[in-house]
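Here's a quick walk through what sits where in this one. Have the sequence and the 3D view open as you read.

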Amino acid sequence: MAEVMGKFNILKNYFGYDQFRPGQEFLIDSILEGRDVLGIMPTGAGKSLCYQVPALMLPGITLVVSPLISLMKDQVQALNQAGVHAAYINSSLTETQIRKALRLAREGQYKIIYVAPERLETYEFVQFAQNVEISMLTVDESHCISQWGQDFRPSYLKILQFLQVLPRRPVIGAFTATATENVREDIICVLGLKDPQVLVTGFDRKNLFFSVEHTRKKEDYIFRYIKDHENDSGIIYCATRKNVDKLYHRFAEEGIPVSRYHAGMSNEERRKNQEDFIYDRLPVMVATNAFGMGIDKSNVRYVIHYNMPQSMENYYQEAGRAGRDGEPAECILLYSPQDVMINRFLLESKEQNSEFTREELDTILERDEERLRSMTYYCMTTECLRGYILRYFGEAGVAECGNCANCLAEMKTADMTEQAKKILACIRETGQRYGINVIAGTLAGNDRAKLREYKMAGYDSFGSLKEMSEPEIKGLIGQMEMDGLLRVTKDKYALLKLTGQCREVLDGTHIVTIKRRKEEKEKQSTSSSRKARRSDILNGRGLELFDRLRILRTQLAREAGMPPYIIFSDKTLVDMCVKVPLGKEEMLEVSGVGQNKFQRYGEIFIKEIRDFTQGKREKMYFGEREEAEKESGFSAQRKGEKPVAKKADFYLTREQTEQIAYGEPCLATELAEKMNELRDKNTVKKTSGAEIFRRILAKGYAKEERIYGRMVRSVTEEGANFGLILGIRKSKKGTEYEDIFYSEKAQREIVSWFIRNENEI
Ligand code: ADP
Ligand code: ZN
């Protein structure tokens, strides 16, 4: 039956969703056309669907190579719940179980089989694979194949040999969440992907709030935070086991429902603690980075890092475990200067126990150092944190996201040109022979053994910036590197060198500025401007129903021995409260309810909703239904009801455009708002400033370039003729930046692009 179903039917019937997320369809189509693909998407973006949907449409079996046993079990459980026949084969099964699974697979019982990479070289498995039809090979967490990735697994190299012994090469899909350019190239090259479709998408996780806190009282900070978020589930990551134990004991003594996880504990204990966390028996977890790979708990509301991780890759992966359900969640990194030392120590100790050659080791260390430096800059930057992250992963970041601590903090811009000159002077005077620690220590005039050993006190610049702290000086050095005034050598010594551009600072043509946080604004005001939770759209009655549905879900989960979110996500429950389904058809309209989930749980939930509402339809959300559904990110496609479904792309009729009040030059968003007001709201989608700007870019009227890591907009000559004006805007915090204003002439022209005749539609 699956073979004849299209991808949309599969999406709806098995997974219960109405729409593909960005990128999913493209990858699915490419696979179905027989193209290899490399999909790079952040955690939670929905990679699994990209191979699960085609797996159900291809004639043979899809093998999924995955590094983690826990991940496989979770995925297979979820698939079976959705009605997809899947199995896993790994070392957690006995020989007899494996033989049985392979027999069933040979008989065509499974469309999808998860295997650990080690399995690919066993005689039994190769025999099996050579005698069945393998349509696709999926390599999950494919960055593990790269020696330059942070969790290289030699066993992944076996995938290649395996492919070579197959009678027919299947289409290959590689997926990962973390891939910088190097790793990307490695995956393509090492896996031998043939002319692959590469898709990098959506690293931005809009629901995550980012913050870096410079504090020495980390423990107190976390304690207070947990207390303030008592009903929430969260993870606290520490760099060492010792810290995990320390925090765990303190919090447990204070009565916090906390669990812990690190590699020094027994398997049994780890398994138990992990379960306590997943089932929300102990919703707070203190752990090392050994915890979390393969854990798909969707309602983690915060991830706090007690120590700075070794790289942005690690950080984003760990922080990304927050808010997988799409609801607002917070990612807080607690920074102190020792973190850099701890990490350097960890990097250096890697050197001793390793099977790499000297040369390989040097390259690895070099990259590790570079990663650590980028991570440190993240902790120092006063720019938008989300923008920084996105640029690191090769996406164009916004200048200001409005949902990170730096965007919300009041910043003041300080002219640091004089201080920058002193830094340049110090580097020059000391012969460009030292790294950031020595240089910053020298400028601050500190008395440290290393500095004495190098006789730094003998230089003129010793103590020339003693009014600044060492971390402040390092922050400025970081900024100067990002501005291209300095560069850092790519060896393990990471020496600071001057670049040609620093002359501009010395002769006064380049002003160096940094932003500093003013006094912290009231905490209250910052959190109120953050995004509201999805369940916030529910009114009192709605929340009551939501709680009842949650309790029902927990009961069912307990009976089935499964985590609650595998039954239905919070998001799905909220959608039930908005749509109040009283029958099967209506229940199937709810986001996340597919045919199979319906068969298992549909009637029970309908009964609960009927009991609660006594069969009467009620409105349990604030505002308009259409708004509520949009708020919660669900598409409204109800059959037989008001035609909210399938809205047309934005357009205006000529009559509607006659009502526009043109005036002063305005921004694209303002123009979009004016136009949106006039459209037929029931049948026509909105347009946006971004859409207008895209068209302007496409016509060559404007340009957007990355300059020193910042996206800068400009107007071309044709754009100026068209009526675009480059102006200065001031952000809420008072920083100035350039943006494009649209004169009346341009406004009229743009509006005309959107005019359609009624009979055209
Ligand atoms: P990843 O593997 O990229 O970390 P998952 O594949 O686990 O992410 O997907 C994350 C969550 O998003 C899952 O709960 C999944 O069911 C949900 N999801 C995936 N695709 C869609 C979609 N098209 N619409 C709604 N939810 C989706
Ligand atoms: Zn921001």
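## The zinc site and the ligand pocket

Cys407 is tucked away: its relative accessible area is 7%, so Cys407 counts as buried. Keep in mind that this is a predicted model.

So what does Cys407 do in the model? Together with Cys384, Cys401 and Cys404, Cys407 is a protein donor of the zinc ion (ligand 2), with the SG atoms lying 2.3 to 2.4 Å from the metal. The angles among the four donor atoms run from 100 to 118 degrees, and the site of the zinc ion (ligand 2) is tetrahedral. For comparison, the ideal angle at a metal with four tetrahedral donors is 109.5 degrees. If you'd like to spot the donors of the zinc ion (ligand 2) in the sequence, look for the spacing C-x16-C-x2-C-x2-C. Cys384 sits in the loop between α14 (358-380) and α15 (385-392), while Cys407 belongs to helix α16 (residues 405-408), so this pair ties together parts that are 23 residues apart in sequence. Cys384 is buried too, because its relative accessibility is 2%, and buried means under 20%.

Now over to ligand 1. How many residues surround it? The shell has 14 residues, and the closest are Tyr17, Gln19, Gly44, Lys47 and Ser48. By character, the shell around ligand 1 splits into five nonpolar, six polar and three charged residues. Helix α3 (residues 47-57) is the top contributor to that shell, giving three residues.

Here are some polar contacts of ligand 1:

| Residue | Atom on the protein side | Atom of ligand 1 | Distance |
|---|---|---|---|
| Gln19 | backbone N or O | nitrogen | 2.8 Å |
| Lys47 | side-chain N or O | oxygen | 2.8 Å |
| Ala45 | polar backbone atom | oxygen | 3.5 Å |

On its own, ligand 1 has 570 Å² of accessible area, and the protein covers 79% of that.

One last stop is Ile61, in strand β2 (residues 61-65). Is Ile61 buried or exposed? Buried, because its relative accessible area is 7%, and the cut-off for buried is under 20%. Ile61 and Ala86 are 25 residues apart along the chain, and their C-alpha atoms are separated by 9.8 Å.

Definitions and conventions. Residues are numbered from 1 along each chain as its sequence is written. Chains are lettered from A and ligands numbered from 1 in the order in which they are written. This is a predicted model: local features need pLDDT of at least 70, side-chain atom pairs count only at pLDDT 80 or more; totals for chains, interfaces and linings use all residues. Side-chain values use heavy atoms; hydrogens and water are left out. A residue is near a molecule or strand if one of its heavy atoms lies within 4 Å of it. A polar contact is a pair of N or O atoms within 3.5 Å; within protein, one must be able to donate a hydrogen and the other to accept it, and residues adjacent in sequence count only if both atoms are side-chain atoms. Accessible areas come from the Shrake-Rupley method with a 1.4 Å probe; for residues, only the protein chains shown count as cover. Helices (H or I, at least four residues) and strands (E, at least two) are DSSP runs, numbered from the N terminus. Ala, Val, Leu, Ile, Met, Phe, Trp, Tyr, Cys and Pro count as nonpolar, Asp, Glu, Lys and Arg as charged, and the others, Gly among them, as polar. Donors are N, O and S atoms within 2.8 Å of the metal (3.2 Å for Na, K and Ca); water is not among the atoms, so sites may look incomplete. Four donors count as tetrahedral if all angles lie between 85 and 135 degrees; four count as square planar and six as octahedral if opposite donors are over 155 degrees apart and all others between 65 and 115; anything else is irregular. Buried means under 20% relative accessible area, exposed over 50%, partly exposed in between (1.4 Å probe, protein chains only).
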